Amino acid sequence: MNAPAYFHAESLDMGNKADFPILSRLVHGKRLVYLDNGATTQKPQSVIEAERRFYQESNANIHRGVHWLSQHATDLYEQGRERVRQLLNAAQANEIVFTRGTTEAINLVAQSWACSKLSPGDEIILSGLEHHSNIVPWQLACERTGAKIKVIPLNDQGELDLQQYKQMLGPRVRLVAIAHISNALGTINPVTEMTRLAHDAGALVLVDGAQAVAHQPVDVQEIGCDFYAFSGHKLYGPTGIGALYGRYDLLQAMPPWQGGGDMIRTVSFERSTYADAPQRFEAGTPNIAGVVGLAAAIDYVLDIGLERIAAHEGALLDYGTKALQAVSGVRLIGTAADKAGILSFVVDGIHPHDLGTILDTDGVAIRAGHHCAMPVMTRFGIPGTARASLALYNNRDDIDALVKAIGAAQTMFGVER
């Protein structure tokens, strides 16, 4: 596949915003500077068009119909499954389960695998970097099974203490659930090494890939993880769609977690039998249009090349890091040596929520708060941060606009610079 013509290897500012209609609009009369990509990415015209075209030309329910339109919609849906397999380099398409997103994918594993396998005294290892969606489902599973959670600590740079992790991998550990990339700090965790260590100790591994799949190549076979979860809306795709990768032998051995149509073989009032994976985990009418849109989003990033996207965002992260470090009164939170395109920071004398509101008046959209990662904020002794998160369409002008708007906020609050 050829990269879009607007991507130039010799240029740092690679992304042409023209593919993303929303980026041409004004906010408060100012150019929209969208730096909230960790929460959700904007959608290219090709994704918007793919969903529109599905409803206009291909809409029908899938798997159950004998008419042409149903079979056509089923083909599109299953082609989307193959696109996800390609994105993650899974061994087979049947290892891909469509979900509403990362949160539902993790809950699926927690309610199906964990609640059927864990016993009192078993252990789940999480990290101090986790999003609430990779904490609360395991707490619920532990409440039901009597298992307990252990947490890998962080250092002052926002990196995991791997020595502590190795010591925690005892005989009662059944699962390690870790973020590939921290949504709050941008830390890239060494998931391949951590998976190998967990397997050596007899534990399974789930990786939360919500912040990874849009920003770097992901190869689940190379990582060796047992489960991998991500959301489409952080991958330039629609909201309400995502996927769980699971090793097929594990999925086949897991009980359903929701009952309904299309996840069964037979149903009687005495008992029901269930379909093979992945269908047994896709009860009811799925988000068919969302799968079509997700497939278009995957095509978009693969056409560009995830290696090129990673290089572009890495260079922009370096530029943004230096730009913010040069602003008096700004302190970066999370300075890991291996880091993705997230700039999380605090400004002396200005609460993050106030800063986010003021920046919005200049058209600069960031996220402010605890980012659904309250334990991270507790570790650093702060209530929250301002977070600028990068995507392929961001450029140096966006970073410059951020820095200028921070300066205007400091002036408004009378903060010395």
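**A note on the fold, starting from Ala 105**

1. Let's begin with one residue. Ala 105 counts as buried because its relative accessibility is 0%, and the cut-off for buried is under 20%. Please keep in mind that this is a predicted model. Ala 105 sits in helix α3, which covers residues 102-117.

2. What does Ala 105 touch, once residues up to four places away in sequence are left out? Its contacts are Thr 99, Ala 229, Ala 243 and Leu 244. Try finding these in the viewer, as some of them come back below. Another pair to look for is Ala 105 and Asp 208: they are 103 residues apart in sequence, yet their C-alpha atoms are 9.2 Å apart in space.

3. Now follow Ala 243 and Leu 244 into their strand. Both belong to β10, the strand of residues 242-246, where 5 of 5 residues are buried. On one side of β10 you will find Gly 242, Leu 244 and Gly 246, and on the other Ala 243 and Tyr 245. Both faces are covered.

4. Which strands pair with β10? One is β4, residues 96-99, which is antiparallel to β10 and joined to it by 4 bridges. Here Val 97 has Leu 244 as its bridge partner. Another is β9, residues 227-231, also antiparallel to β10, with 5 bridges. In this pairing Ala 243 has Phe 230 opposite it. Looking back at Ala 105, its contact Thr 99 falls within the residues of β4, and its contact Ala 229 within those of β9.

5. The loop between β9 and β10 deserves a look too, since Tyr 236 is found there. Tyr 236 has a positive phi of about 65 degrees, although it is not a glycine. Most residues other than glycine have a negative phi. Is Tyr 236 buried or exposed? It is buried, with a relative accessible area of 0%.

6. Compare that with His 28, in the loop between β1 (26-27) and β2 (30-31). His 28 is not a glycine either, and its phi is positive at about 55 degrees. Its relative accessible area is 52%, so His 28 is exposed; the cut-off for exposed is over 50%.

7. There is a backbone feature to check at Pro 278 as well. The peptide bond from Ala 277 to Pro 278 is cis, with omega near 5 degrees. Most peptide bonds are trans. Pro 278 lies in the loop that runs between β12 (272-274) and α9 (288-304).

8. Further along the chain, strand β14 (residues 342-347) has 6 of its 6 residues buried. Ile 342, Ser 344 and Val 346 point one way, while Leu 343, Phe 345 and Val 347 point the other way. Strand β13 (residues 330-332) runs antiparallel to β14 over 3 bridges, with Leu 332 opposite Phe 345. Strand β17 (residues 385-389) is also antiparallel to β14, with 4 bridges between them, and Leu 343 stands opposite Ala 388.

9. Finally, step back to the whole chain. It holds 13 helices and 17 strands. Its radius of gyration is 22 Å, close to the 22 Å that the globule rule gives for 417 residues, so the chain is as compact as a globular protein of that length. Buried residues make up 56% of the 417. Among contacts with a separation of 6 or more, 72% join residues 24 or more positions apart.

Notes. Residues numbered from 1 in each chain as written. Predicted model: local features only at pLDDT ≥ 70, side-chain atom pairs only at ≥ 80, totals over all residues. Heavy atoms only, no water. Helix = DSSP H or I, 4+ residues; strand = E, 2+ residues; numbered from the N terminus. Rg over C-alpha atoms; globule rule 2.2 N^0.38 Å. Buried < 20%, exposed > 50% of the residue type's maximum accessible area, 1.4 Å probe, protein only. Contact = heavy atoms within 4.5 Å. Pairing = 2+ DSSP bridges.
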